[in-house]
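Biologist: Mind going through this one with me? I'd like to hear the reasoning behind each label.

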Amino acid sequence: MNTITGKVWAHPGMIDTNQILPQQYWMQKYGELDLAALGKHAMEGLDATFAEKALAGEYSFIVAGENFGGGAKSMEHPIYALKGVGIKAVIAESVSRYFFRNMINNGVLVLIKHDISSFANTGDEIAISPGEGTIRNITQGTATRFEPMPEFLTKIVESGGYIDYLKKAGS
């Protein structure tokens with residue numbers, strides 16, 4: 001996977017699924033999900049301006065604290081909201097187990113790095129090299145390493161998600 005760059009939206013605390021996408025927007029059925037419609041409400045539970053700024057290209061990454069996507073919900077709607085505004089990756093100190101796999105299965109890069117919440121501030125530009133396991137904070141001139149994702153998970157993300165991965169694999 002190639003190096004990806006962009007700007008960060010940072011939040012040092014836990015971000016649960018209802019903050020990523022408030023539950024009132026979870027009513028669409030799986031086959032009728034509209035990423036753009038859900039994206040308009042991305043991160044609305046924490047930042048009313050997030051979606052507008054992300055759509056304008058101000059945010060490509062989310063850097064968060066512990067238990068990103070937690071809250072005992074395994075719905076994919078919050079992930080579709082993040083995709084709907086063009087989020088390239090989430091880097092968090094920890095991620096809910098179900099949410100982690102749902103992110104991968106839906107083609108969104110998710111990385112776990114302890115103490116990452118203090119690495120970048122909102123607006124910082126970063127560069128992630130998933131295959132090398134490095135993140136550079138271009139704005140601050142710092143870098144850190146993380147455990148690279150297993151190759152089979154990287155291939156799922158690169159394919160755009162699990163269904164597309166299976167199609168490309170001929171399954």
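Biologist: What makes H5 and H6 oblique to each other?

Modeller: First, a reminder that this is a predicted model. The axes of H5 and H6 cross at roughly 55° and come within 8 Å. Roughly parallel needs an angle under 35 degrees, and roughly perpendicular runs from 65 to 115. An angle of roughly 55° fits neither, so H5 and H6 are oblique to each other.

Biologist: Which residues meet there?

Modeller: On the H5 side you have Phe100, Arg101, Ile104 and Asn105, and they meet Phe152, Leu153, Ile156 and Val157 of H6. By class, that contact has 6 nonpolar, 1 polar and 1 charged residues.

Biologist: H5 also packs with H4. What makes H4 oblique to H5?

Modeller: Here the angle is about 45°, and the axes are 10 Å apart. That value lies between the 35 and 65 degree cut-offs, so H4 is oblique to H5. The crossing of H4 past H5 is right-handed. Pro78, Ile79 and Leu82 in H4 meet Phe99, Asn102 and Met103 in H5. Those residues divide into 5 nonpolar, 1 polar and no charged.

Biologist: Why is H4 called largely enclosed by the rest of the structure?

Modeller: Buried means under 20% relative accessible area. Of the 8 residues of H4, which covers residues 77-84, 7 are buried, so the helix is largely enclosed. The buried ones are His77, Pro78, Ile79, Tyr80, Ala81, Leu82 and Gly84.

Biologist: What do those buried residues pack against?

Modeller: Helices H1 (17-20), H2 (35-39), H3 (50-55) and H5 (97-105), plus strands E2 (61-64) and E3 (89-92). Just after H4 comes Gly86, with a positive phi of about 85°.

Biologist: Which residues other than glycine have a positive phi?

Modeller: Met43 has one, with phi near 60°, and Asn67 has a positive phi of about 60°. Most residues other than glycine have a negative phi. Met43 is in the loop between H2 and H3, while Asn67 lies in the loop between E2 and H4.

Biologist: Are those two buried or exposed, and how do you know?

Modeller: Take Met43 to begin with: its relative accessibility is 0%, so it counts as buried. Asn67 has 29%. Buried stops at 20% and exposed starts over 50%, so Asn67 counts as partly exposed.

Biologist: And H6 with H7: what makes H6 roughly perpendicular to H7?

Modeller: H6 (residues 151-159) and H7 (residues 162-169) pack at an angle of about 95°, with their axes 7 Å apart. The range for roughly perpendicular is 65 to 115 degrees, so H6 is roughly perpendicular to H7. The contact is made by Lys155, Ile156, Glu158 and Ser159 of H6 and by Tyr162, Asp164, Tyr165 and Lys168 of H7. By class, those residues divide into 3 nonpolar, 1 polar and 4 charged.

Biologist: How do you know that Lys155 forms a salt bridge with Glu151?

Modeller: The cut-off is 4 Å between the side-chain nitrogen and a carboxyl oxygen. In this pair the closest N and O atoms are 3.3 Å apart, and Lys155 forms a salt bridge with Glu151. By this rule the count comes to 1 salt bridge.

Biologist: Why are Lys155 and Glu151 said to be separated by about one helical turn?

Modeller: An α-helix has 3.6 residues a turn. Lys155 and Glu151 are 4 residues apart in helix H6, so about one helical turn separates them. Lys155, at 37% relative accessibility, counts as partly exposed, whereas Glu151, at 55%, counts as exposed.

Biologist: What makes Thr134 buried?

Modeller: Thr134 has 16% relative accessibility, and the cut-off is under 20%, so Thr134 counts as buried. Thr134 is in strand E6 (residues 134-137). Leaving aside neighbours within four places in sequence, Thr134 is in contact with Ala127, Ile128, Ser129, Thr144, Arg145 and Phe146.

Biologist: Last one: why does Asp16 count as partly exposed?

Modeller: Asp16 has 22% relative accessibility, and buried means under 20%, so Asp16 counts as partly exposed. Asp16 is found in the loop between strand E1 (4-11) and H1. Not counting residues up to four places away in sequence, Asp16 touches Gly70 and Gly71. The C-alpha atoms of Asp16 and Ser96 are separated by 9.0 Å, with the two residues 80 apart along the chain.

Technical notes
Residues numbered from 1 in each chain as written. Predicted model: local features only at pLDDT ≥ 70, side-chain atom pairs only at ≥ 80, totals over all residues. Heavy atoms only, no water. Buried < 20%, exposed > 50% of the residue type's maximum accessible area, 1.4 Å probe, protein only. Helix = DSSP H or I, 4+ residues; strand = E, 2+ residues; numbered from the N terminus. Contact = heavy atoms within 4.5 Å. Axes fitted to C-alpha atoms, helices over the stretch in contact; angles between N-to-C directions. Parallel < 35°, antiparallel > 145°, perpendicular 65-115°, else oblique. Nonpolar A, V, L, I, M, F, W, Y, C, P; charged D, E, K, R; others polar. Left-handed = near helix turned anticlockwise from the far one by under 90°.
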